[in-house]
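Me: I have a new model open and I'd like to learn how to read its features. Could you walk me through it?

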Amino acid sequence: KAKAMILSTVGDSLAEIDESLAVLDTLDDQQLWQAAQRTLPQRAARRLRALSRVQQQRTLSSTEEQELMLLLDRLEDVGLVRAKAAALLKERGHDVHSLLPNS
């Protein structure tokens, strides 16, 4: 169950992200590569870009601001999972250069 969670949607709560990070230690290399390459789901990424553009043009409503904060939290969670997965792969002797930005 926990392994499926890490490979599907990263949770929004602190407890869920802590669990997701802890589970990474139990994954095999292939699963770690998948976790290290995760991105925000397309729909969430599009919405985040849209809200960011709107924010440049006007003040966001409180609802939009909350949505933006939730999306940014999810993006941070994905980044944390990616970073830990990459670190574990490196510890296991893998070349993680391809996971770095601009590589």
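Here is a short talk through the helices, their packing and a couple of single residues.

Me: Before we start, what kind of model is this?

Reply: It's a predicted model, where local features need pLDDT of at least 70 and side-chain atom pairs count only at pLDDT 80 or more, while totals for chains, interfaces and linings use all residues. Residues are numbered from 1 along each chain as its sequence is written, and side-chain values use heavy atoms, with hydrogens and water left out.

Me: How many helices and strands are there in the protein chain?

Reply: Helices (H or I, at least four residues) and strands (E, at least two) are DSSP runs, numbered from the N terminus. Here you have 5 helices and 0 strands, so the order from the N terminus is α-α-α-α-α.

Me: What share of the chain is buried?

Reply: Buried means under 20% relative accessible area, exposed means over 50%, and partly exposed is in between (1.4 Å probe, protein chains only). Of the 103 residues in the protein chain, 33% are buried.

Me: How do I check the length of a helix, say α5?

Reply: Take 1.5 Å times one less than the number of residues; that's the expected span. For the 30 residues of α5 that gives 44 Å, and the end C-alpha atoms sit 43 Å apart, which agrees. Helix α4 (residues 42–57) has 16 residues and reaches 23 Å from first C-alpha to last, close to the expected 22 Å.

Me: Which residues of α4 are buried, and why are they on the same side?

Reply: The buried ones are Ala44, Ala45, Leu48 and Leu51. They cover an arc of only 130° around the axis (taken from the directions from the helix axis to the C-beta atoms), which puts them on the same side of α4. Gln42, Arg43 and Gln57 are exposed on the other side.

Me: What do the buried residues of α4 pack against?

Reply: Contact means heavy atoms within 4.5 Å. The buried residues of α4 pack against α5. Helix α5 has buried residues of its own, including Glu64, Leu68, Leu71, Arg74 and Asp77.

Me: How do α3 and α5 cross?

Reply: Axes are lines fitted to C-alpha atoms, for helices over the stretch in contact, and angles run from 0 to 180 degrees between N-to-C directions. The axes of α3 (residues 29–36) and α5 (residues 62–91) come within 8 Å and cross at roughly 145°. On the α3 side, Asp29, Leu32, Trp33, Ala35 and Ala36 make the contact, meeting Val81, Arg82, Ala85, Ala86, Leu88 and Leu89 in α5. By class, that contact has 9 nonpolar, no polar and 2 charged residues; Ala, Val, Leu, Ile, Met, Phe, Trp, Tyr, Cys and Pro count as nonpolar, Asp, Glu, Lys and Arg as charged, and the others, Gly among them, as polar.

Me: What comes after α5?

Reply: Gly93 follows α5, and its phi is positive, near 95°. His94 lies in that segment after α5 too, and it counts as partly exposed at 27% relative accessibility. Leaving out residues up to four places away in sequence, His94 touches Asp29, Trp33 and Leu89. His94 and Trp33 are 61 residues apart in sequence, yet 10.0 Å apart in space, C-alpha to C-alpha.

Me: And which residues does Leu80 touch?

Reply: Leu80, found in helix α5, touches Ile17 and Leu21, again not counting residues up to four places away in sequence. Leu80 is partly exposed, at 37% relative accessibility.
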